[in-house]
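Q: Please take a close look at one part of this structure and describe what lies around it. Give the cut-offs for each term as you go.

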Amino acid sequence: MGAVITALATMGAVVALGWFLARRRVLGERAAPVLARVVFAVATPALLLTTVAHADLHLLLSRQAVVTWTSTVAVALVAVLVLRFALRRPAADITVGTLASSYVNAGNVGLPLAVYLLDDAVAVVPTLLFQLLVLAPIAFAVLDRGSRSGSVLRRTLSNPIIVGTLLGLVLAALPWSLPEVVYEPFRLVGAAAAPLALLTFGMALAVPRTVDSAAPRADLTLAVSLRALVHPLLAWGLGTALGLPPQALLAVVAMAALPTAQNVLVYAMQYRHGEALARDAGLVTTVLCVPVLLVVAATLG
């Protein structure tokens, strides 16, 4: 339980630093979009390439992965249906709202949480790969179609995050391994992804809020409810029904209880849609995940 608090407190400190830098305008008024671009186009692809390249792909066939994927798909579908038919949002806003509801912070929170709470860093791999290979490509295809012309497939495959993930999968599937020295430059650049994403998040929170810049209440309520409550409960129910052992059940529920990823805000800023929702959902679910994860650890740990 102490590990959960330590991981979340560390994240909070970096977010607070970003907020302070933005309020003091230490890096200038355009720093947040520039940092978001660096995270999106450089640091995150490098991090994903090295992480996926060293992952055990057999995890993709486990019951743990089935629970993760099924629960995530269910949450995403609920978000899409409510946003489309009840709230009648346009496609781009539906996409960002769905990501805010289902795309968890598997990198910045999930990896340290898996190490400290579960003593197994690979526990985050099913969540990470599903988000990168399914959720992200679909989201980018919709957002790209709404903002530019040309082939959706070509634009999707040219996305830096997808390219980094696919290269990592190719390297992981090879019958031989590249020398570790080849990965060192990617590790060095990728190490900047988490702190820069958190700094960007903190800087976005420092922007003065107006009525126009606030997230729609209904959209935010939906995203927070699905992210903080529905997803972990659904993962617990599916995991219990499939007879997962205690450690595996703890892993899938803890991953499902993670807050909305800061990368959702990066994507929203990149495509200039749903920035307020991504920002507010990230903040609220990060605060709520503290008591949720403490309950999960105390109940299943």
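A: Start at Phe40, which counts as buried at 2% relative accessibility; buried means under 20% relative accessible area, exposed over 50% and partly exposed in between, with a 1.4 Å probe and protein chains only. The model is predicted, so local features need pLDDT of at least 70 and side-chain atom pairs 80 or more, while totals for chains, interfaces and linings use all residues. Residues are numbered from 1 along each chain as its sequence is written, and side-chain values use heavy atoms, without hydrogens and water.

The structure holds 7 aromatic pairs. One of them joins Phe40 to Phe140, edge-to-face, with 5.9 Å from centre to centre and 85° between the planes. Phe40 belongs to helix H2 (residues 31-53) and Phe140 to helix H6 (residues 125-147), so this pair ties together parts that are 100 residues apart in sequence. Rings of Phe, Tyr and Trp (its six-membered ring) pair if their centres lie within 6.5 Å; planes under 30 degrees apart are stacked, over 60 edge-to-face, the rest tilted. Helices are DSSP runs (H or I, at least four residues), numbered from the N terminus.

Phe140 is buried as well, at 1% relative accessibility. Phe40 also pairs with Tyr271: the ring centres are 6.5 Å apart and the planes stand at 90°, so this pair too is edge-to-face. Here Phe40 in helix H2 is linked to Tyr271 in helix H13 (residues 262-271), 231 residues away. Both partners, Phe40 and Tyr271, are buried. The wider group is one aromatic cluster made up of Phe40, Tyr103, Phe140, Tyr267 and Tyr271.

Helix H2 itself packs on another helix. Its axis comes within 7 Å of that of helix H9 (residues 180-190), and the two cross at roughly 130°. That angle makes H2 oblique to H9. Axes are lines fitted to C-alpha atoms, for helices over the stretch in contact, with angles from 0 to 180 degrees between N-to-C directions; under 35 degrees is roughly parallel, over 145 roughly antiparallel, 65 to 115 roughly perpendicular, and the rest oblique. On the H2 side the meeting residues are Val42, Ala43, Ala46, Leu47, Leu49, Thr50 and Ala53, and on the H9 side they are Tyr183, Phe186, Arg187, Val189 and Gly190.

Tyr103, a member of the cluster, leads on to Thr98. Leaving aside neighbours within four places in sequence, Thr98 is in contact (heavy atoms within 4.5 Å) with Tyr103, Ala76, Ala79, Val80 and Leu83. Thr98 lies in helix H4 (residues 91-102) and is buried, with a relative accessible area of 9%.

The next packing involves helix H3 (residues 63-86) and helix H11 (residues 217-241), whose axes are 9 Å apart at an angle of about 150°. H3 and H11 are therefore roughly antiparallel. From H3 the contact includes Val67, Thr70, Val75, Ala79, Val82 and Leu83, and from H11 it includes Asp219, Leu222, Leu226, His231, Leu234 and Leu238. Ala79 and Leu83 thus appear here and in the list of residues touching Thr98. Arg84 has its charged end over the ring of Phe85, 5.3 Å from the ring centre; such a charge is NZ of Lys or CZ of Arg within 6 Å of the ring centre and within 35 degrees of the ring normal.
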